[in-house]
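Subject: Structure for your review

Hello,

Please find the structure below. My notes on it follow, going from the overall fold to single residues.

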Amino acid sequence: MPEAIGAGPLAIILIEDEAAIRETLQHHLELGFRHILALSPEPIILPEDGAGRITNLGWDTRQPAAHLEAVNAVIGAVPVGTWLYYCFNAEFLFFPFCEHRRIGEMLAFHGEERRDAMLSYVIDLYTPDLERCPDSVDLQEPMFDRTGYYALGLSGPDGRPLDRQLAFHGGLRWRFEEHLPADRRRIDRIALFRARKGLTIGADHHFNIPEYNTYSCPWHHNPTSAIASFRVAKALATNPGSRDSIRSFTWRNSHRFDWSAQQFMDLGLMEPGQWF
């Protein structure tokens, strides 16, 4: 394994189609990831300034739960303690103050708070004009829901509430839930985490170690991140089962996204915790 990959933080980006591939890779390069693994069914053209920092690997990203085997394979291959991140194309990570701070700085701080994972909220982006952007991937005028988010408690097999674990809902998955199976309506994802011996991720994006699935430590709030994602809008706008019944994604609580972490923090969609 190349030294840069083992050092981390390492991003795993699963490329499902042609939407915003270059922009997705470029965004995560600029955040400061040491290396990016771009997984795709066919070879892709890499950004020129990504030379040496992006490795394109063949992977069937269109299979159900394509992230499962891929992420687990990387967990098993990197040194214990390596920070990992995963997302899909047309998804863009934001963390508190990311316009001025690097991902490595933030994760070093998070680790000092004795946290090995960070909760991410997947915030749906969509176009205000499906005629102009039929697949709803609109990088110039993206919209998102500024309200309509909520959390429900989670219980374990014994029926008792799980400690510091919640199911988060909202966005297009909530407004168009009739087009989504029940197990795909949550917007929480543990997208940033440290590799650990025996750690595995499941199809529901949760880990087999309960503490990894918590939103904060017991003693104070920790930073959280957000993933601005066109993935659900793209699926709803193009899948035969939903595209003919959706004329627009906008509603009274749609708001223009300005591509800043501060906007998510101002609306309570991201928590800075003690990080500044």
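Two strands are taken as paired if DSSP finds at least two bridges between them. By that criterion strand β1 (residues 10-14) pairs with strand β2 (residues 35-40): five bridges join the two, and they run parallel. Within this pair, I13 stands opposite A38 in β2. Please keep in mind that the model is predicted.

Overall fold

The protein contains seven helices and twelve strands. Its radius of gyration is 18 Å, close to the 19 Å from the globule rule for 276 residues, so the protein is as compact as a globular protein of that length. Along the principal axes, the C-alpha atoms fill a box of roughly 50 × 50 × 35 Å. Of the 276 residues, 54% are buried. Among contacts with a separation of 6 or more, 70% are between residues 24 or more positions apart.

Surface and charge

The exposed area of the protein is about 12800 Å², and 51% of it is supplied by carbon and sulfur atoms. There are 27 positive and 36 negative side chains. The centres of the two sets lie 4 Å apart.

Strand β1

Is β1 enclosed or open to the outside? Five of the five residues of β1 are buried, so the strand is largely enclosed by the rest of the structure. The cover is on both faces: L10, I12 and L14 are buried on one side, and A11 and I13 are buried on the other.

Helix α6

In helix α6 (residues 231-238), the buried residues are V232, A233, K234, L236 and A237. K234 is thus listed as buried along with V232, A233, L236 and A237. The elements that cover the buried residues of α6 include β6 (117-124) and α5 (172-175).

Backbone points to check

Two residues that are not glycine have a positive phi, and both are in loops.

- A20 has a phi of about 50°. A20 is in the loop between β1 and α2 (21-31). With the cut-off for buried set at under 20% relative accessible area, A20 counts as buried because its relative accessibility is 11%.
- F97 has a phi of about 65°. The loop that holds F97 lies between β5 (91-94) and α4 (103-112). F97 is partly exposed, because its relative accessible area is 23%.

Regards

Note on methods:
Residues are numbered from 1 along each chain as its sequence is written. This is a predicted model: local features need pLDDT of at least 70, side-chain atom pairs count only at pLDDT 80 or more; totals for chains, interfaces and linings use all residues. Side-chain values use heavy atoms; hydrogens and water are left out. Helices (H or I, at least four residues) and strands (E, at least two) are DSSP runs, numbered from the N terminus. The radius of gyration is taken over C-alpha atoms; the globule rule is 2.2 Å times the number of residues to the power 0.38. Buried means under 20% relative accessible area, exposed over 50%, partly exposed in between (1.4 Å probe, protein chains only). Contact means heavy atoms within 4.5 Å. Accessible areas come from the Shrake-Rupley method with a 1.4 Å probe; for residues, only the protein chains shown count as cover. Lys and Arg count as positive and Asp and Glu as negative; His and the chain ends are not counted. The place of a charge is taken as NZ of Lys, CZ of Arg, CG of Asp or CD of Glu.
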